[in-house]
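Visitor: I would like to understand how the terms used for a ligand site are justified. Could you take me through them one by one?
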Amino acid sequence: MSIGENLKLVKARMEDVRGEKRTGAGLGHLIAVSKTRPVEDIELAIESGQRLFGENRVQEAMAKFPALKSQYKDLQLHLIGPLQSNKVKEAVAHFDVIQTIDRPKIAKVIAREMKEQNRDLTLFVQVNVGEEPQKGGVLPQDLEGLLALCRDEYGLDISGLMCIPPVDAEPSPYFVLLRRLAQSHGIELLSMGMSADFESALQFGADYVRVGSAIFGRREAPKNS
Ligand SMILES: *Cc1c(COP(=O)(O)O)cnc(C)c1O
């Protein structure tokens, strides 16, 4: 199947969840995750009407998106991978949304760069909902402290929470947890759900689902990890 057909299918599946009124009140936006994909594939998605894209590496996004963004002014680029402080300058320059704030240091540097570059990004905190040692994200019990620091020390407005549940687990309890955390901290947006579980995420109120392989096909295993 083509990228255009895959996109149509994913959107139809999203629409089905909405139609059955099984959804929470989420906005249900689709982010096409284009990591590891060539620019030609991204262009095919754009031609099919897709405008929101997710990348997980700053360097890779910088190689692919500036030309596309100057051609298509309404593209919105989300950073969904781990961020190092030495990449924040480029991240703030090239992304519209950063979903992976997970520690004070990175929040501080983002705040500084947004001011310096006079850029107004939408910001999410990533929560390590499964409390997995190898995974990014703030632990649920440390979320409150990080949010307070972002707001009071760095003047950052955090719009949303993002999570990646443990790979082999049933994801719905983690979607419920993320929604509960957002509600209890007055945070509006939820980024949750991937190719395997976006329908479930929508049922629990996802505002953004991040879908890669169901649109672009299976990824090759990365060579350097
Ligand atoms: C790769 C990735 C996705 C998309 O994964 P698929 O299973 O291909 O849909 C979503 N979110 C994050 C954070 C990712 O790194």
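Visitor: What makes the pair formed by arginine 210 and the ligand a polar contact?

Guide: In this predicted model, an N or O atom in the side chain of arginine 210 is 2.8 Å from a nitrogen atom of the ligand. A polar contact is a pair of N or O atoms within 3.5 Å, so this pair qualifies. Lysine 35 also places a polar side-chain atom 2.7 Å from an oxygen atom of the ligand, while serine 213 uses a backbone N or O atom, which lies 2.8 Å from an oxygen atom of the ligand. Taken alone the ligand exposes 390 Å², and the protein buries 90% of that (accessible areas come from the Shrake-Rupley method with a 1.4 Å probe).

Visitor: How do you know which residues surround the ligand?

Guide: A residue is near a molecule if one of its heavy atoms lies within 4 Å of it, and the residues around the ligand include Val33, Ile80, Met162, Ile164, Met194 and Arg219. By class, this shell has six nonpolar, three polar and three charged residues, where Ala, Val, Leu, Ile, Met, Phe, Trp, Tyr, Cys and Pro count as nonpolar, Asp, Glu, Lys and Arg as charged, and the others, Gly among them, as polar.

Visitor: What are the conventions behind these values?

Guide: Because the model is predicted, local features need pLDDT of at least 70 and side-chain atom pairs count only at pLDDT 80 or more, whereas totals for chains, interfaces and linings use all residues. Residues are numbered from 1 along each chain as its sequence is written, and side-chain values use heavy atoms, with hydrogens and water left out.

Visitor: Why is the ligand said to sit in the largest pocket?

Guide: A molecule sits in a pocket if more than half of its atoms lie within 2 Å of the pocket's grid points, and the ligand is therefore assigned to the largest pocket. That pocket holds about 1200 Å³ of space, and of the 40 residues that line it, the closest to its centre are Lys35, Asn56, Gly81, Pro82 and Ile164. Its lining divides into 15 nonpolar, 14 polar and eleven charged residues.

Visitor: What makes a space a cavity and not a pocket?

Guide: On a 1 Å grid over the protein atoms alone, a cavity is a set of points where a 1.4 Å probe fits but cannot get out, while a pocket is an open set with protein on both sides within 12 Å along at least five of seven lines; lining residues have an atom within 4 Å of a point. The structure holds one cavity of 30 Å³ or more, and the largest cavity is lined by Pro82, Leu83, Thr100, Asp102, Arg103, Gln126 and Gly136.

Methods. Points joined across faces, edges and corners; volume = space filled by probe spheres on them. Polar contact = N/O pair within 3.5 Å; in protein donor to acceptor, adjacent residues only side chain to side chain.
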